[in-house]
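Ready for a walk through a protein model? Open your viewer, show the chain as a cartoon, and keep the selection box at hand.

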Amino acid sequence: MSKGKLYLIPTPLGEGDPARVLPASVLEVIPTLDCFVVEELRTARRFLSAAGLKGHIDGLEFHELNEHTRPQEVEAFARLFEEGRCVGLLSEAGLPAVADPGALLVALCHRHGIEVVPLVGPSSLMLALMASGLNGQSFAFVGYIPAKTEERRSAIKTLEKRSAAARQTQILIETPYRNDSLLADLLACLNGHTRVCVAANLTCPDQFIQTRTVAEWKSNPITIGKRPCVFLILSA
């Protein structure tokens, strides 16, 4: 019997009706699956319930894959696809396997000849880039930068030099409770003409997207708070 498939299932970036941000074709796939690999069980159950499986959650099989999962545990997931069984992969928010430990399962599937099926959904990184007005032709996602102040400020200066040399937008993210300290360091370290985009709570009713020069941000400061946020910079 042929092996099953891995479906990469996007999830909303915030609370609310999944049908508002996910195509009908994605919502039609979800009820056909009874096995899911998820980053966090509680979040996954809540999403699947909202996506049309309310009342059927207890009949599903869940396996967690996060930063604490050991390599041998990831390898063991290969057995899930035996006898043609298909599996859904869920991230905490947005696209699975992008800045997400689910990439380990995708790599496993490629090693074992298991078909990977990516489904359409929201990406905070691409939505932020689209809305930033910065260079969408050349860009780099650098993920998280160091949390310690001196290391972080050094990384910021390096990113600005890289952006200037290649005319390349640099995209970074931060743990929500450090959003405001990261923004403060961006404004302290970057040139006044460098443009910075702050994109918070994307696709949510209170989403905030603004691109300004560092000098303009300093003149009109904001507090981001603990909202999921993407930061983009482009050196003048």
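Which residue follows α5, and what is the sign of its phi? Select G133: this residue comes right after α5, and its phi is positive, near 80 degrees.

Before going further, a word on what you are looking at. This is a predicted model, in which local features need pLDDT of at least 70, side-chain atom pairs count only at pLDDT 80 or more, and totals for chains, interfaces and linings use all residues. Residues are numbered from 1 along each chain as its sequence is written, and side-chain values use heavy atoms, with hydrogens and water left out.

**The whole chain**

Zoom out. You should find 8 helices and 10 strands; helices (H or I, at least four residues) and strands (E, at least two) are DSSP runs, numbered from the N terminus. Along the principal axes, the C-alpha atoms fill a box of roughly 60 × 35 × 30 Å. Of the 236 residues, 46% are buried; buried means under 20% relative accessible area, exposed over 50%, and partly exposed in between, with a 1.4 Å probe and protein chains only. Among contacts (heavy atoms within 4.5 Å) between residues at least 6 apart in sequence, 75% join residues at least 24 apart.

**Stop one: the open sheet**

Now select β1 to β5. They form an open sheet of 5 strands in the order β3-β2-β4-β1-β5, with parallel pairing. Two strands pair if DSSP finds at least two bridges between them. At the edges are β3 (61-64) and β5 (115-118), each pairing on one side only. From one strand to the next, the twist averages 25 degrees.

Look at the β1 and β5 pair: 4 bridges join these parallel strands. To find one of the bridge partnerships, select K5 and its partner E115 in β5.

Next, add the helices that lie over these strands. α2 lies across β1, β2, β3 and β4 (87-90), and runs at about 140 degrees to β3. Helix α4 (residues 103-111) lies across β1, β2, β4 and β5, at about 155 degrees to β1. For these angles, axes are lines fitted to C-alpha atoms, for helices over the stretch in contact, and angles run from 0 to 180 degrees between N-to-C directions.

While you are at α4, click on A103, which lies in this helix. With 34% relative accessibility, A103 counts as partly exposed. A103 and L65 are 38 residues apart in sequence, while their C-alpha atoms are 9.8 Å apart in space.

**Stop two: the cores**

Show side chains for I9, I30, F36, F47, L48, F62 and L90. These touch the most other members of the largest nonpolar core, which has 21 residues. A nonpolar core is a set of buried Ala, Val, Leu, Ile, Met, Phe, Trp, Tyr and Cys residues joined through side-chain atoms within 4.5 Å. The elements giving two or more residues to this core are β1 (5-9), α1 (24-29), β2 (35-38) and α2 (41-53). The largest share, 5 residues, comes from α2.

Center on L48. Leaving aside neighbours within four places in sequence, L48 is in contact with I30, F36, L53, K54, I57, L60, F62 and L90. Apart from this core lies another, of 20 residues, among them L172, I224, F231 and I233.

**Stop three: α6 and its surroundings**

Which residues of α6 are buried? Select R152, A155, I156, L159, E160 and S163. Seen down the helix axis, the buried residues of α6 fall within an arc of 140 degrees, so they line one face; the arc is that of the directions from the helix axis to the C-beta atoms. They pack against β6 (139-143), β7 (169-173), α7 (179-189) and β10 (229-234). Turn to the face away from the buried side to see the exposed residues E150, K161 and A165.

Then select β7, where 5 of 5 residues are buried. T169, I171 and I173 are on one side, and Q170 and L172 on the other. β6 and β7 run parallel, joined by 4 bridges, and F141 has I171 in β7 as its bridge partner.

**Last stop: back to α5**

Return to helix α5 (residues 124-132) and pick its buried residues L125, A128, L129 and S132. Seen down the axis of α5, they fall within an arc of 100 degrees, so they line one face of the helix. Their cover includes β6, β7, β8, β9 (208-213) and β10.
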